[in-house]
Amino acid sequence: MTTLKSSSSIKHIGLLALLCACLLVAANAHDMFLKFDSYFLNPNSRATVRLINGTFRTSENAVTRDRMADVSLVKPAGERTHPPLTDWRDLGNTALLTLQTGEAGTYVAGLYTKPRELTMNAAAFNRYLAQEGLPDTLAARKRDGELTRESRERYSKHVKAVFQVGETHTDTYKTVLGYPVEIIPQQNPYELKTGQTLEVLCVKGGQPIVGQYVLAGREFKGKEVAAPSVRTDQQGVARIVLKGPGRWYVKFIHMSPVKDAPINYESKWATLTFELR
């Protein structure tokens, strides 16, 4: 005999489907990355880094200069410079920055954008939460009976790349740029090998984020391979097992509800990229 499912059961199944979608379609997220063709560069040479605004492999549009709140380059000795806007150019849907390397060592490039606002109806926002890897916000909307509530979100994006110049490894990789949210490697990625674990500290306002949902993946031989999602521990550290070579990314979105304001959510996006041979 067939038993009809209750309305609450159907809603529960629907929520689980949305949560599962986080893993299935996160690769289609509207992320931002600083990405090199190769993260291994020669000393005293010119190189180009792409600002990808879309997925890890495809940029949907070139980020305009007026959106850039900060652009930084940290050299091995710790010197932090700010490349001028004239060093940027657009190529199709991608903004490109030309950098000049100096002495051998580990470098960090960073950028973050000014906040923007986005309004979505309830159904679109729920899909967005699933696609972008925000299961906690989606679960909270379910718990609070807000799955039918539209959203007005303020968002900003914060991106870093760690790249290696020459053979000398330096501790520049752990430089804190002081962005609103940030991913800070706890080991030099260029001293790690396939199968080892990279620990990253996830912070907001300089403070560790406990229980943050973190995604990672890599691009190798033209294919993108997602890594299992993880959570940060009580110290705000997430552990990423580097299961293969390629250009890697680590990312998270910290979203908070906002009350008594023109917006009802604020999200801060963070990404980190590097390469493993």
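Colleague: Which helices and strands each supply at least two residues of the lining of the second largest pocket?

Modeller: Rolling a probe the size of a water molecule over the atoms shows where empty space is left. A pocket is an open set of points on a 1 Å grid over the protein atoms alone, where a 1.4 Å probe fits and protein lies on both sides within 12 Å along at least five of seven lines, and lining residues have an atom within 4 Å of a point. In this predicted model, β3 (46-54), β9 (116-120), α2 (122-132) and β10 (151-165) each supply at least two such residues, and the largest share, three residues, comes from β10. These names follow DSSP runs numbered from the N terminus (helices H or I, at least four residues; strands E, at least two).

Colleague: What volume does the second largest pocket have, and which residues are closest to its centre?

Modeller: The second largest pocket has a volume, the space filled by probe spheres set on the points, of about 240 Å³. Of its 15 lining residues, His30, Asn53, Leu118, Tyr155 and Lys157 are the closest to the centre. By class, the lining of the second largest pocket divides into four nonpolar, four polar and seven charged residues, where Ala, Val, Leu, Ile, Met, Phe, Trp, Tyr, Cys and Pro count as nonpolar, Asp, Glu, Lys and Arg as charged, and the others, Gly among them, as polar.

Colleague: How many residues line the largest pocket, and where does the largest share come from?

Modeller: The largest pocket, with about 290 Å³ of space, is lined by 18 residues, and Glu146, Arg149, Pro257, Asn264 and Tyr265 lie nearest its centre. Helix α3 (135-143) and strand β17 (246-257) each supply at least two lining residues, and the largest share, four residues, comes from α3. The lining of the largest pocket has eight nonpolar, three polar and seven charged residues.

Colleague: What is the strand order in the open sheet of four strands?

Modeller: The order is β1-β3-β7-β6 with antiparallel pairing, and two strands pair if DSSP finds at least two bridges between them. β1 (31-36) and β6 (88-91) are the edge strands, each pairing on one side only. Four bridges join β6 to β7 (94-100), and Asp90 has Ala95 in β7 as its bridge partner.

Colleague: Which residue in the loop between β2 and β3 has a positive phi although it is not a glycine?

Modeller: Most residues other than glycine have a negative phi. Asn44, in the loop between β2 (40-41) and β3, has a positive phi of about 50°, and at 60% relative accessibility Asn44 counts as exposed (over 50%, with a 1.4 Å probe and protein chains only). Lys221, in the loop between β14 (213-220) and β15 (223-231), has a positive phi of about 55° and is exposed at 73%.

Colleague: What should I keep in mind about numbering and confidence?

Modeller: Residues are numbered from 1 along each chain as its sequence is written. Local features need pLDDT of at least 70 and side-chain atom pairs count only at pLDDT 80 or more, while totals for chains, interfaces and linings use all residues, and side-chain values use heavy atoms, with hydrogens and water left out.

Note on methods:
Buried < 20%, exposed > 50% of the residue type's maximum accessible area, 1.4 Å probe, protein only.
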